[in-house]
Amino acid sequence: MPDDAALTYTSYLALQEVLAAQRPRSDEHDEMLFIVIHQVYELWFKQLLHEVRYLQQRLEAGDTARAVRTLRRILTILKVVVAQIDVLETMTPSQFASFRARLDAASGFQSAQFRELEAVLGRRDERAFEHYAADDLGRQRIIEAMARPSLWESFQSYLKAHGYEGDLPRVYADDEGPALVAEHLVDLDEGLQEWRYRHVKMVERTIGDKAGTGGSSGAEYLRATLFRPVFPELWAIRRDL
């Protein structure tokens with residue numbers, strides 16, 4: 001049956017559900033901040049997935065203008081994601097320790113949306129989903145993302161549509177729309193590496209080299225992800241220009 005109730009700010013944004021989704025497991029003051037920050041991260045990951053899917057469509061259609069605008073939005077979101085670490089770092093190690101034991105096996109390492117984003121960007125590694133249960137929806141989304149063309153493959157389709165198939169030096173030599181798209185992809189790669197760096201430093205200053213929750217090795221695992229470019233070809237091309 002149709003809902004005849006007048007639409008309001010609260011109902012449109014489903015605020016009753018959203019604001020009831022924070023359920024601390026302790027009475028510690030700082031646990032609320034920890035929950036809110038990570039829920040906001042998940043919302044931004046959802047938006048990033050939404051934007052990257054659209055970006056792939058625009059690239060595959062050869063649409064430079066909309067691809068550039070979408071990349072600029074993605075880059076702006078990434079800046080916000082990185083900046084949120086500043087808020088989380090207002091929590092001292094002792095404040096986090098006061099409720100950390102209540103997290104049990106829960107860990108950001110288990111973020112299926114971030115793993116899906118990595119897959120969309122080109123990661124093809126079964127370890128990204130092997131720790132999820134066989135019937136887990138997140139596992140299925142990661143597997144499906146790995147089966148679809150990656151963002152890099154969509155960019156290759158875009159270059160082919162503009163007559164630059166396999167010719168990055170000429171893309172940069174011509175210095176037109178495709179070169180701008182390529183540089184925004186470099187910005188995206190750099191933004192992701194900045195996020196990883198800030199994330200590992202935040203973990204180091206909060207728990208040092210302790211093992212992470214959820215069975216991860218904590219900062220050790222995060223350090224291993226640093227300086228792995230998403231688009232190595234766009235960095236390597238600088239040697240040939």
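Helices in this tour are DSSP runs of H or I of at least four residues, numbered from the N terminus. The place of Glu-51, a later stop, is in helix 3 by that assignment. The model on display is predicted.

**The whole chain**

Begin with the complete protein chain, coloured by pLDDT. The average is 89, and 90% of the residues score at least 70. Two elements mark the ends of the confidence range: helix 8 (residues 151-161) has the highest mean pLDDT, 98, while helix 11 (residues 219-224) has the lowest, 68.

Switch to a cartoon view. The protein chain contains twelve helices and zero strands, and read along the sequence its pattern is α-α-α-α-α-α-α-α-α-α-α-α. The C-alpha trace spans about 60 × 55 × 35 Å along its principal axes. Of the 241 residues, 42% are buried. Among contacts between residues at least 6 apart in sequence, 68% join residues at least 24 apart.

**Helix 3**

Select residues 31-60, which form helix 3. Several positions here carry a record: the unreviewed UniProt entry places the feature "binding site" at Phe-34, Ile-35, Val-36, Ile-37 and His-38, among others.

Show the side chains of Ile-37 and His-38. Which of the two is buried, and which is partly exposed? Ile-37 has a relative accessible area of 6% and is therefore buried, the cut-off being under 20%. Leaving aside residues up to four places away in sequence, Ile-37 touches Gln-84, Val-87 and Leu-88. His-38, also in helix 3, has a relative accessibility of 27% and counts as partly exposed.

Move along helix 3 to Glu-51. This charged residue is buried, with a relative accessibility of 4%. Display its surroundings: beyond residues up to four places away in sequence, Glu-51 touches Thr-70, Arg-73, Ile-74 and Ile-77.

**Helix 5 against helix 10**

Next select helix 5 (residues 93-100) together with helix 10, which covers residues 177-207. How do these two helices lie relative to each other? They pack at an angle of about 80 degrees, with their axes 8 Å apart. An angle from 65 to 115 degrees counts as roughly perpendicular, so helix 5 and helix 10 are roughly perpendicular to each other.

To see the contact itself, show Pro-93, Phe-96 and Arg-100 on helix 5, which meet Arg-205, Thr-206 and Ile-207 on helix 10. By class, this contact has three nonpolar residues, one polar and two charged.

Keep Arg-100 selected. Arg-100 takes part in the contact just described, lies in helix 5, and is among the "binding site" positions of the unreviewed UniProt entry, as is Thr-213. At 18% relative accessibility, Arg-100 counts as buried. Now add Arg-25 and draw a C-alpha to C-alpha distance: Arg-100 and Arg-25 are 75 residues apart in sequence and 9.9 Å apart in space.

Return to helix 10 and select His-199. UniProt, again in an unreviewed entry, places the feature "binding site" at this residue. With a relative accessible area of 23%, His-199 is partly exposed.

**Helix 6 beside helix 7**

For another helix pair, select helix 6 (residues 112-121) and helix 7 (residues 137-147). Their packing angle is about 5 degrees, and their axes are 8 Å apart. Angles under 35 degrees count as roughly parallel, so this term describes helix 6 and helix 7.

Show the side chains of the contact. Helix 6 contributes Ala-112, Arg-115, Glu-116, Ala-119 and Val-120; these meet Gly-138, Arg-141, Ile-142, Ala-145 and Met-146 of helix 7. Six of the contact residues are nonpolar, one is polar and three are charged.

**Two loop residues with positive phi**

The last stops concern the backbone. Select Ala-14, in the loop between helix 1 (9-12) and helix 2 (15-19). Although Ala-14 is not a glycine, its phi is positive, about 50 degrees. Ala-14 counts as partly exposed, at 28% relative accessibility.

Then go to Asp-175, in the loop between helix 9 (168-174) and helix 10. Asp-175 also has a positive phi in a residue other than glycine, near 55 degrees. Is Asp-175 buried or exposed? Its relative accessible area is 60%, over the 50% cut-off, so Asp-175 is exposed.

Notes. Residues numbered from 1 in each chain as written. Heavy atoms only, no water. pLDDT = per-residue confidence, 0-100. UniProt positions renumbered as here; feature names shortened; annotations may be inferred. Buried < 20%, exposed > 50% of the residue type's maximum accessible area, 1.4 Å probe, protein only. Axes fitted to C-alpha atoms, helices over the stretch in contact; angles between N-to-C directions. Parallel < 35°, antiparallel > 145°, perpendicular 65-115°, else oblique. Contact = heavy atoms within 4.5 Å.
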